[in-house]
Amino acid sequence: MLRADGTPAALKLQRRREETASAAASLCAWDGNGAVRLLAHDDETATHLLERRDPARPLSSLPDRRAALRVLTGLLARLSAVPAPPGLRSLSEVAAAMLDEAPRAVRALHDPAGRRLLRACASAVAELLDEPGDRLLHWDLHHDNVLAGEREPWLAIAPEPLSGDPGFELLPALRDFWGDAAATGDAERAVLHRFGLLAEALSPDRCRAAGRTPGRVLQDALWVSRTGSRLWTRSR
């Protein structure tokens, strides 16, 4: 569609929910720096009018996987450099809710290894309560939430914003878009290499990023336990 002034635009209709309630505020805070630009919005219906991107050209369509990862890490650094605007849900709130829910999820697991993993992740999450961070997080930045366009070659879309530590951002990009690389026989080295690149984009303190990532693992595990859904990983 075109606006009255001829600007290409896209209308996004979505169900209003907690995760996306502050999407307009986050897009305004980024103001087109690393993310799609918000042209207009209606808070009551969560309807957004956005600058037009090319939905047929997500970052996952880029044949060069190394180049795609460089794009993603660059966007990650740009987006998380912005302070979170007032009123966003905070990582401390999310962490507290996870710790309340974790004991039930642990009891529901029959696999001892799974129980140990959840307990270890919950222990890492407990450390988030004192240092939650105050950066503006996209929360769901992966290759299919980055689209090509004219103003910049690649920009992020579809934030589910959170105020917190950027280390909490890494898991979606870390587990996404592996393709044949996952079958090379050296998956551990490949994961560590990608983690290093992503963590370095945020801070030289890899230990801090490593300490935040289990919190995201716990969040996903609790969602699976609660909904019965299955996580998936893009493998193209």
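1. Let me start with the helix pair. H6 and H7 sit roughly perpendicular to each other, since angles of 65 to 115 degrees fall in that class and these two pack at about 110 degrees. Their axes are 9 Å apart, with H6 covering residues 187-202 and H7 covering residues 206-227. Bear in mind throughout that this is a predicted model.

2. Who makes that contact? On the H6 side the residues are Phe 195, Gly 196, Ala 199 and Glu 200. H7 answers with Arg 206, Ala 209, Ala 210 and Thr 213. Sorted by class, the contact of H6 with H7 comes to 4 nonpolar, 2 polar and 2 charged residues.

3. H6 turns up again in the second largest pocket, where it supplies the largest share of the lining, 6 residues. The pocket has a volume of about 420 Å³. Its lining runs to 15 residues, and those nearest the centre are Arg 65, Arg 66, Leu 69, His 193 and Arg 194. H2 and H6 are the elements that give two or more residues to this lining. By class, the lining splits into 7 nonpolar, 3 polar and 5 charged.

4. Staying with H2, have a look at Thr 73, which belongs to that helix (residues 65-80). Is Thr 73 buried or exposed? Thr 73 has a relative accessible area of 13%, and the cut-off for buried is under 20%, so Thr 73 counts as buried. Leaving out residues up to four places away in sequence, Thr 73 touches Leu 197, Leu 198 and Ala 201. Those partners have numbers that fall inside the 187-202 range of H6.

5. Next, the cavity. The count is 1 cavity of 30 Å³ or more, and the largest has a volume of about 40 Å³. Which residues line the largest cavity? They are Gln 14, Arg 16, Thr 20, Ala 21, Ala 24, His 41, Asp 42, Asp 43, Ala 46 and His 48. That makes 3 nonpolar, 4 polar and 3 charged residues in the lining.

6. Val 125 is one to click on. The residue sits in helix H4 (residues 112-126) and is buried, with a relative accessible area of 0%. Setting aside residues up to four places away in sequence, Val 125 touches Ala 95, Met 98, Leu 99, Gly 215 and Leu 218. Val 125 and Val 217 are 92 residues apart in sequence, yet their C-alpha atoms are 9.9 Å apart in space.

7. Now the loop between E5 and E6, where Trp 139 is found. Trp 139 has a positive phi of about 85 degrees although it is not a glycine, so I'd check the backbone there by eye. Trp 139 is buried, at a relative accessible area of 16%.

8. Asn 145 lies in the loop between strand E5 (135-137) and strand E6 (146-148) too. With 10% relative accessibility, Asn 145 counts as buried. Apart from neighbours within four places in sequence, Asn 145 is in contact with His 138, Asp 140, Leu 155, Ala 156, Ile 157 and Ala 158.

9. One of those partners, Ala 158, has a positive phi of its own, about 55 degrees, although it is not a glycine. Ala 158 is found in the loop between strand E7 (154-156) and E8. How is Ala 158 classed by accessibility, buried or partly exposed? At 22% relative accessibility, Ala 158 counts as partly exposed, because buried requires under 20%.

10. On to E8 (residues 162-164), which holds Ser 163. Ser 163 counts as buried at 13% relative accessibility. Its contacts, not counting residues up to four places away in sequence, are Ala 84, Leu 88, Arg 89, Ser 90, Leu 91, Gly 133, Asp 134 and Arg 135. The C-alpha atoms of Ser 163 and Arg 3 are separated by 32 Å, with these positions 160 residues apart along the chain.

11. Last, the segment before strand E1 (9-12), where Thr 7 lies. Thr 7 is partly exposed, with a relative accessible area of 27%. Leaving aside neighbours within four places in sequence, Thr 7 is in contact with Met 1, Leu 2 and Leu 39. From Thr 7 to Val 94 the distance is 38 Å, C-alpha to C-alpha, and the two are 87 residues apart in sequence.

Conventions. Residues are numbered from 1 along each chain as its sequence is written. This is a predicted model: local features need pLDDT of at least 70, side-chain atom pairs count only at pLDDT 80 or more; totals for chains, interfaces and linings use all residues. Side-chain values use heavy atoms; hydrogens and water are left out. On a 1 Å grid over the protein atoms alone, a cavity is a set of points where a 1.4 Å probe fits but cannot get out, and a pocket is an open set with protein on both sides within 12 Å along at least five of seven lines; lining residues have an atom within 4 Å of a point. Grid points are joined across faces, edges and corners, and a volume is the space filled by probe spheres set on the points. Ala, Val, Leu, Ile, Met, Phe, Trp, Tyr, Cys and Pro count as nonpolar, Asp, Glu, Lys and Arg as charged, and the others, Gly among them, as polar. Helices (H or I, at least four residues) and strands (E, at least two) are DSSP runs, numbered from the N terminus. Buried means under 20% relative accessible area, exposed over 50%, partly exposed in between (1.4 Å probe, protein chains only). Contact means heavy atoms within 4.5 Å. Axes are lines fitted to C-alpha atoms, for helices over the stretch in contact, and angles run from 0 to 180 degrees between N-to-C directions. Angles under 35 degrees count as roughly parallel, over 145 as roughly antiparallel, 65 to 115 as roughly perpendicular and the rest as oblique.
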